[in-house]
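This briefing covers charged side chains and strand pairing in one protein chain. Please read it alongside the sequence and the coordinates.

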Amino acid sequence: MTTFKDLKISPWLIEQLKSVGIKEPTPIQENCIPAIMAGKDVIGAAKTGSGKTLAFALPIVQKLSEDPYGIFALILTPTRELAFQISDQFAVIGKSINLKKCTVVGGLDMMYQGQELSRRPHIVVATPGRLADHLESCDTFSLQRIKFLVLDEADRLLGGNYDAQMSIIFKAIPKERQSLLFSATITDALDKVKQVSSKEVFMWESTDDSGLATVKELDQRYVLCPYNVRDAFLVEVIRTFRYDNATGSIMIFTDTCKNCQLISMTMNEVGFENVALHAMIKQKDRLTSLQKFKSNQIKILIATDVAARGLDIPIVSLVINHNIPNIPKEYIHRVGRTARAGRNGMAISLVTPQDIKLLHAIEELVGTKLTNYEVSDKEIVQIFTEISVTKREAEIKLDETDFNEKKMINKRKKLIESGLDPEEADEILAKKKKQNKPEKKDSKEDEAEIELDETDINEKKKINKRKKLITEKKGSKKDDKKVEKKKSKTKK
């Protein structure tokens, strides 16, 4: 068995790894570290939870200790939360050499970040957008001396969405550098990098006997449900899972920021305490939510795909896909938040009849068939009205807030950057806002809606008694019989 000593990792680094419970290298570390130490460009792909971060962090920190200067390495990642996680891992393994690092992401004070960059930290971990903003707006730091460029989740960074920002960054870094690209999935973009690279590229992709794109410890299930009843099915899936696993943490993925916020508000209202994580939340609040979830203070996290990449949270026992992702590859990243580092985990996807083709595409990519997860239809019927009314109330509350204001500010910024005058940008946004507004209803429709609201309120009063039961799994059949006997005696 290969050890860190065999990989020529320094004794002080090995001791630092032992202090955090890491004793042996994983396959990706075993294969990629020697190539990085030899000065080669590296493309590494391995399943989620396989230790990719340490595969590039260990050799970088060791090389830094031999010739310390700043800025020594630049690590780019697509999401803010992942940037902070990588930054923390560098801080842990570089503690002995007093490693200085700087995290440059959107949503935080740009002036403070600029000051940190001007102090020339050893390691800079950044998202492309914010780093490109710094490069264009100030000249207090330089990336011309960096020795390492790391693209974590490289398939996403090179997928086209970040082309403009990546172009700015590549102009600011030296041509003579060591490039390290890591991801859970190999794409055409990564293959092209190998073809156009002037240096020798070492490429390693993990393989195992299972033939699966996900880890074998992951139990993958689906629940077939009508589109409009997904939220009730979601609640019942959590209740069923909680019946056998009362302590495990749960991550729920959905498609949009608004849906994420609505589901979070609805679940909190019916008794499932949770935190939300999406792009419309302020960065400080996002970090606070993530910390509460990581520390097991709150056991449910509801997120968009900003949390689907790279986040290492060992306590996650279940991942639920509230919607099926349109890109099958994103499914692998989502479900990769559980069953990490050899632990067991479960992933359950809520599948509507419209999602069948997407499900087949995912099964083909993953290399296995998803199995059915049994839930009680009877229980779903009983809680459906309560969940629907609660979600509608959440929608009304959300509409009263300035939830979409940040989105409109970002759109205005992009329009101005494209060359439009501020006034023209405002006109375009005003037209869009007008188109999105629902048409005014006549008085009869208003009366009908008021009657409907009253019906909903009365219905809610009737079923409020059941609210406590929503977070609990139904009792045994014997208990049900006792309740029925009591009811019959009362009637007599």
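The points below deal with salt bridges, a charged surface patch and strand pairing.

The model is predicted. It holds 15 salt bridges, and some of them are described here together with the burial of their residues.

**Salt bridges within a helix**

- Glutamate 15 and lysine 18 form a salt bridge through their side chains, with an N to O distance of 3.9 Å.
- These two residues are three positions apart in helix H1 (residues 11-19), so about one helical turn separates them.
- Lysine 18 has a relative accessibility of 47% and therefore counts as partly exposed, since that class lies between the 20% and 50% limits.
- A salt bridge also joins the side chains of glutamate 236 and arginine 239, at 3.5 Å from N to O.
- Both of these residues belong to helix H10 (residues 230-244), where they stand three residues apart, about one turn of the helix.
- Glutamate 236 and arginine 239 are both buried.

**A salt bridge between distant parts of the chain**

- Aspartate 305 and arginine 334 form a salt bridge in which the closest N and O atoms are 2.7 Å apart.
- This pair links distant parts of the chain, with the two positions 29 residues apart in numbering: aspartate 305 sits in the loop between strand E11 (300-303) and strand E12 (316-321), and arginine 334 in helix H13 (residues 328-335).
- Is arginine 334 buried or exposed? Its relative accessibility is 1%, so arginine 334 counts as buried.
- Aspartate 305, with a relative accessible area of 22%, is partly exposed.

**A salt-bridge network**

- Salt bridges link Glu153, Asp155, Arg309, Lys329 and Glu330 in a network.

**A negative surface patch**

- Asp421, Glu423, Glu424 and Glu427 form a negative patch on the surface.
- Glutamate 424, one of the patch residues, lies in helix H17 (residues 422-436).
- The relative accessible area of glutamate 424 is 36%, so this residue is partly exposed; the value passes the patch cut-off of over 30%.

**Strand pairing around E8**

- Strand E8 (residues 218-224) runs parallel to strand E13 (residues 345-351), and seven bridges join the two.
- Strand E8 also runs parallel to strand E14 (residues 371-372), to which two bridges join it.
- Which residue in E13 is the bridge partner of tyrosine 222? The partner is serine 349.
- In E14, tyrosine 222 has asparagine 372 as its bridge partner.

Definitions and conventions. Residues are numbered from 1 along each chain as its sequence is written. This is a predicted model: local features need pLDDT of at least 70, side-chain atom pairs count only at pLDDT 80 or more; totals for chains, interfaces and linings use all residues. Side-chain values use heavy atoms; hydrogens and water are left out. Patches are made of residues with over 30% relative accessible area and no salt bridge: like charges are joined within 9 Å, nonpolar side chains (Val, Leu, Ile, Met, Phe, Trp, Tyr) within 5 Å. Accessible areas come from the Shrake-Rupley method with a 1.4 Å probe; for residues, only the protein chains shown count as cover. A salt bridge is a side-chain nitrogen of Lys or Arg within 4 Å of a carboxyl oxygen of Asp or Glu. Lys and Arg count as positive and Asp and Glu as negative; His and the chain ends are not counted. The place of a charge is taken as NZ of Lys, CZ of Arg, CG of Asp or CD of Glu. Helices (H or I, at least four residues) and strands (E, at least two) are DSSP runs, numbered from the N terminus. Buried means under 20% relative accessible area, exposed over 50%, partly exposed in between (1.4 Å probe, protein chains only). Two strands pair if DSSP finds at least two bridges between them.
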